[in-house]
Amino acid sequence: MADPTPLHPRQNRRAAAHADAWAIPRVLPVSRPGRCAAAAGVGVFDQVEHTDPFLSVDIFRRHGACIPPHPHAGCVVATYLFPDSTTSLRCRHAHGGDDTLRPGDLLWLETRCGTVHEEVPEGARASVRGVRMIVNRAGRHPHGAPAQTVVRAEAMPRWREGDVDLTLVCGAWGERHVARDEGGSTTLLQLDWQADELRTLEVPCDGRRWVALIAQGEAAVGGHALRTEGGAAQAVLLPPGVWQLAGRSGARLMLAGGEPLGDAVVYRGNFAARDEGDLVTLTRRYQQGAMGALAPVCNDAESRLRDSDTGDY
């Protein structure tokens, strides 16, 4: 390519909205998940002092492996499958939820006082890729049954700006919103580069905190290189303002935004609690069976895999 899009454009920003707000992007450490070895991927974990209300945001990939029944409480578990995933994901929880998540769909699970859930790919030899956001709700829903809803791909607004395709997965962006999203202001925006291009992105000054995480390819935000391969930064915290984006053809960038709660939180063992006392209470509820139980269906998928004599991992 004779004139490639520069991946280190000059920063173009507005002043922060108030004196206490930071005015430049902050690089966030990116790591592999420590809680679930079955889900390969990378993301931002356990940095809630910077990412509030997000306890974690990560890009996951699974090929034929299920996540066996496990508990969550005090948080939202939002799972989005990329449209290019090659199978669906069956998502169940112990209080009656049972939905099939197709490529391009979003599952929004309000765990409230706690439930056990499981995710199983429908195709034992196919793969799923996507984004998972764990959103803090510690102490805000101490009672009430867990509930999950699905936002279908066809309900998500899609538009193009230059050579970048944008998809609003949930929440609100400008005048666009996802009506079926129960997360209020919690937003996930997907940007896909169809060709090398340099353009601007205006991050709204409306109280939400924004995290940009590269999902594939190579891009740059506010002068920070984001790559899925190599040692460059892979996630940044973006303050309000107008920022330059540069992307190579095929790059995918995810932008997650939410209103900070400003509350203390202890996140351990998939439980989000206000303090250690609340954490002990949630742990006891799980141990006593109050969060329900699920008979695993993972064995069904594994049996289909063993019985099949075609295809490869």
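**Exercise 1. Is Arg102 buried, partly exposed or exposed?**

*Solution.* The model is predicted, with local features requiring pLDDT of at least 70 and side-chain atom pairs counted only at pLDDT 80 or more, whereas totals for chains, interfaces and linings use all residues. Residues are numbered from 1 along each chain as its sequence is written, and side-chain values use heavy atoms, without hydrogens and water.

Step 1. The classes are buried (under 20% relative accessible area), exposed (over 50%) and partly exposed (in between), with a 1.4 Å probe and protein chains only.

Step 2. Arg102 has a relative accessible area of 37%, so Arg102 is partly exposed.

**Exercise 2. Characterise the chain as a whole.**

*Solution.*

Step 1. Secondary structure is taken from DSSP runs, with helices as H or I of at least four residues and strands as E of at least two, numbered from the N terminus. The chain has three helices and 25 strands.

Step 2. Of the 313 residues in the chain, 51% are buried.

Step 3. A contact requires heavy atoms within 4.5 Å. Among contacts with a separation of 6 or more, 74% involve residues 24 or more positions apart.

Step 4. The exposed surface of the chain is about 13600 Å², of which carbon and sulfur atoms supply 48%; the areas follow the Shrake-Rupley method with a 1.4 Å probe, and for residues only the protein chains shown count as cover.

**Exercise 3. Determine which salt bridges Asp105 forms, and place Asp105 in its network.**

*Solution.*

Step 1. Side chains of opposite charge can pair when their charged atoms come close. The criterion is a side-chain nitrogen of Lys or Arg within 4 Å of a carboxyl oxygen of Asp or Glu. The whole structure holds 19 salt bridges by this criterion.

Step 2. Asp105 pairs with Arg102 at 4.0 Å, N to O. Asp105 is buried, at a relative accessible area of 1%.

Step 3. Arg152 also bridges to Asp105, with the closest N and O atoms 2.5 Å apart. Because Arg152 lies in the loop between β11 (147-151) and β12 (158-161), and Asp105 in the loop between β7 (98-101) and β8 (106-110), this pair ties together parts 47 residues apart in sequence. Arg152 is buried, with a relative accessible area of 18%.

Step 4. A further salt bridge joins Arg199 and Glu161 (3.5 Å, N to O). Arg199 belongs to strand β17 (residues 197-203) and Glu161 to strand β12, so the pair links parts 38 residues apart in sequence. Arg199 is partly exposed at 23% relative accessibility, and Glu161 is partly exposed at 28%.

Step 5. Through shared partners, salt bridges join Asp105 with Arg102, Arg152 and Glu154 into one network.

**Exercise 4. Classify the aromatic pairs Trp173–Trp210 and Phe271–Tyr286.**

*Solution.*

Step 1. A pair of aromatic rings is described by the distance of the centres and the angle of the planes. Rings of Phe, Tyr and Trp (its six-membered ring) pair if their centres lie within 6.5 Å; planes under 30 degrees apart are stacked, over 60 edge-to-face, and the rest tilted. This rule yields three aromatic pairs.

Step 2. The ring centres of Trp173 and Trp210 are 5.4 Å apart and the planes stand at 90°, so this pair is edge-to-face. Trp173 is in strand β14 (residues 172-173) and Trp210 in strand β18 (residues 209-216), so the pair ties together parts 37 residues apart in sequence. Trp173 is buried at 11% relative accessibility, and Trp210 is buried at 0%.

Step 3. Phe271 and Tyr286 are also edge-to-face, with 6.2 Å centre to centre and 70° between the planes. Phe271 lies in strand β25 (residues 271-273) and Tyr286 in helix α2 (residues 276-287), so parts 15 residues apart in sequence are tied together. Phe271 is buried, at 4% relative accessible area, while Tyr286 is partly exposed, at 35%.

**Exercise 5. Identify the rings beneath Arg176 and Arg252.**

*Solution.*

Step 1. A charge sits over a ring if NZ of Lys or CZ of Arg is within 6 Å of the ring centre and within 35 degrees of the ring normal.

Step 2. The charged end of Arg176 sits over the ring of Trp159, 3.9 Å from its centre. Arg252 lies over the face of Phe82, 4.6 Å from the ring centre.
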